[in-house]
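Hello,

Here is the structure I promised to hand over. Please open it first, and then read on for what turned up in it.

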2 protein chains.
Amino acid sequence: MIKIKIDEKTNNFSNTHNRGMTFEKEINESNEFYKDENIALIYKRPTPIKVIKSKNSVITEAVFEDVSTTDYNGVYKGRYIDFEAKETTSKTSLSLANIQKHQLEHMENVIKNGGISFLFVNFIELDLYYILSSELLLNYIKENKKKSIPVSYFEEHAYKVKRMLNPPLNYIEYLELQI
Amino acid sequence: MIKIKIDEKTNNFSNTHNRGMTFEKEINESNEFYKDENIALIYKRPTPIKVIKSKNSVITEAVFEDVSTTDYNGVYKGRYIDFEAKETTSKTSLSLANIQKHQLEHMENVIKNGGISFLFVNFIELDLYYILSSELLLNYIKENKKKSIPVSYFEEHAYKVKRMLNPPLNYIEYLELQI
């Protein structure tokens with residue numbers, strides 16, 4: 001069992017965690033499965049990078065741009081799907097510090113246009129996966145003005161995703177409930 | 001009136017063309033309009049870039065990755081929208097040389113999953129804009145085995161988009177016909 005420490009405040013994807021497969025990899029492999037089986041088509045968005053200098057298609061200077069959308073988007077049964085993935089080693093709550101204001105605005109816009117928008121959360125140490133609708137997320141932030149969401153809130157209001165062999169995370173069940 | 005020459009074979013976006021606004025800019029401004037008016041939410045995908053070396057969030061070595069999806073995707077009335085944009089200075093046909101095999105596969109996958117997929121084409125010198133459904137595009141390629149599509153095919157089978165002031169390209173009318 002490999003264990004590494006990651007910053008709880010940033011909630012960033014770690015390179016490895018206690019099961020040897022990152023949350024990001026689990027999502028990507030699930031998406032591969034859904035694609036191969038013609039169940040859904042969901043992609044990770046490329047990180048926006050601003051190229052400053054390039055020569056013969058090799059980039060010699062560039063910077064990461066601010067993220068204004070979410071990690072993943074795609075299509076399930078014709079419907080637009082859009083979500084942000086966050087993981088944390090905290091056993092008590094998910095910090096909201098790493099969700100940008102622009103991302104919350106993006107979620108609102110997706111909802112306004114009839115898309116299915118959510119936050120996909122992995123509590124690594126608890127081995128728990130939750131999907132929280134963006135409607136509930138935005139409402140929580142608006143009403144509570146807190147900088148984190150306790151696990152208990154997820155237990156009560158979020159959809160629990162089970163880890164499987166293939167796909168690693170069968171989150172299509174959640175989408176099925178939304179359409 | 002500014003005129004520049006671009007390679008007809010590549011169909012790449014030019015930096016300026018005869019009206020002073022590129023096709024890409026016209027699409028992006030239309031998308032801004034649709035976003036502001038809560039009509040649709042459609043984004044240009046970031047160019048996928050593989051970072052090789054970076055230091056303090058400045059990238060010092062990177063390469064452009066192969067494009068395996070299309071230029072734009074998003075949501076209109078809950079439906080998933082996905083399209084590729086191509087422009088050409090040719091007055092007779094659109095070269096297919098710049099549409100990658102992976103992009104055609106992506107279009108097929110979007111269709112299979114119930115999304116709305118199309119090719120948005122600008123014949124710069126003719127001042128014409130067409131939307132060709134990916135179903136027709138894929139069928140054309142399959143049946144004709146040609147490396148270009150004549151303008152006459154667009155005239156007969158594609159949806160003609162009119163240029164306006166705001167949004168510059170009112171392509172939402174096409175989407176409305178598809179849902």
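A question to begin with: is D127(B) buried, partly exposed or exposed? Please keep in mind that this is a predicted model. The relative accessibility of D127(B) is 37%, and because the partly exposed class runs between 20% and 50%, D127(B) counts as partly exposed.

D127(B) has a charged partner. Its side chain meets that of R163(B) in a salt bridge, with 2.8 Å from N to O. This pair brings together distant parts of the chain: D127(B) sits in the loop between β7 (116-123) and β8 (128-133) of chain B, while R163(B) sits in the loop between β10 (159-160) and α5 (172-178) of chain B, 36 residues apart. R163(B) is partly exposed as well, with a relative accessible area of 35%. In chain A, salt bridges with shared partners join E26(A), D127(A) and R163(A) into one network.

Some background may help here: side chains of opposite charge can pair when their charged atoms come close. Over all chains, the whole structure holds 17 salt bridges. Two others are worth a look while you have the model open.

- D82(A) pairs with R45(A), and their closest N and O atoms are 3.3 Å apart. D82(A) belongs to strand β5 of chain A and R45(A) to the loop between β1 and β2 of chain A, so the salt bridge links parts of the chain that are 37 residues apart. Both D82(A) and R45(A) are buried.
- E24(B) pairs with K44(B), with 3.9 Å between the closest N and O atoms. Here helix α1 (residues 23-36) of chain B provides E24(B), and strand β1 (residues 41-44) of chain B provides K44(B), 20 residues apart. E24(B) is partly exposed at a relative accessible area of 24%, and K44(B) is partly exposed at 30% relative accessibility.

Now to the place where the chains meet. Chain A brings 35 residues to the contact and chain B brings 35 residues. Between them they bury about 2,800 Å², and carbon and sulfur atoms give 62% of that area. I59(A), Y80(A) and N113(A) supply 21% of the area that chain A buries against chain B, more than any other three residues.

How many salt bridges are there between chain A and chain B? The count is zero. There are, however, 13 residue pairs in polar contact between chain A and chain B, both residues being at pLDDT 80 or more.

Several elements of chain A supply at least two residues each to the side that touches chain B, including β2 (49-55), β5 (79-88) and α2 (101-112). The largest share, seven residues, comes from β3(A). By class, this side of chain A has 17 nonpolar, 13 polar and five charged residues.

β3(A) is also joined by four bridges to strand β3 (residues 58-64) of chain B, and the two strands run antiparallel. To find this pairing on screen, look for V63(A), which stands opposite V58(B) in β3(B).

One last residue to visit is E135(A), in helix α3 (residues 134-144) of chain A. E135(A) counts as partly exposed, at 43% relative accessibility. Leaving aside residues up to four places away in sequence, E135(A) touches I111(A) and S117(A). Its C-alpha atom is separated by 7.9 Å from that of F118(A), 17 residues apart along the chain.

Happy exploring!

Key:
Residues are numbered from 1 along each chain as its sequence is written. Chains are lettered from A and ligands numbered from 1 in the order in which they are written. This is a predicted model: local features need pLDDT of at least 70, side-chain atom pairs count only at pLDDT 80 or more; totals for chains, interfaces and linings use all residues. Side-chain values use heavy atoms; hydrogens and water are left out. Contact means heavy atoms within 4.5 Å. Buried area is the accessible area (1.4 Å probe) that two parts lose on being put together, summed over both. A salt bridge is a side-chain nitrogen of Lys or Arg within 4 Å of a carboxyl oxygen of Asp or Glu. A polar contact is a pair of N or O atoms within 3.5 Å; within protein, one must be able to donate a hydrogen and the other to accept it, and residues adjacent in sequence count only if both atoms are side-chain atoms. Ala, Val, Leu, Ile, Met, Phe, Trp, Tyr, Cys and Pro count as nonpolar, Asp, Glu, Lys and Arg as charged, and the others, Gly among them, as polar. Two strands pair if DSSP finds at least two bridges between them. Buried means under 20% relative accessible area, exposed over 50%, partly exposed in between (1.4 Å probe, protein chains only).
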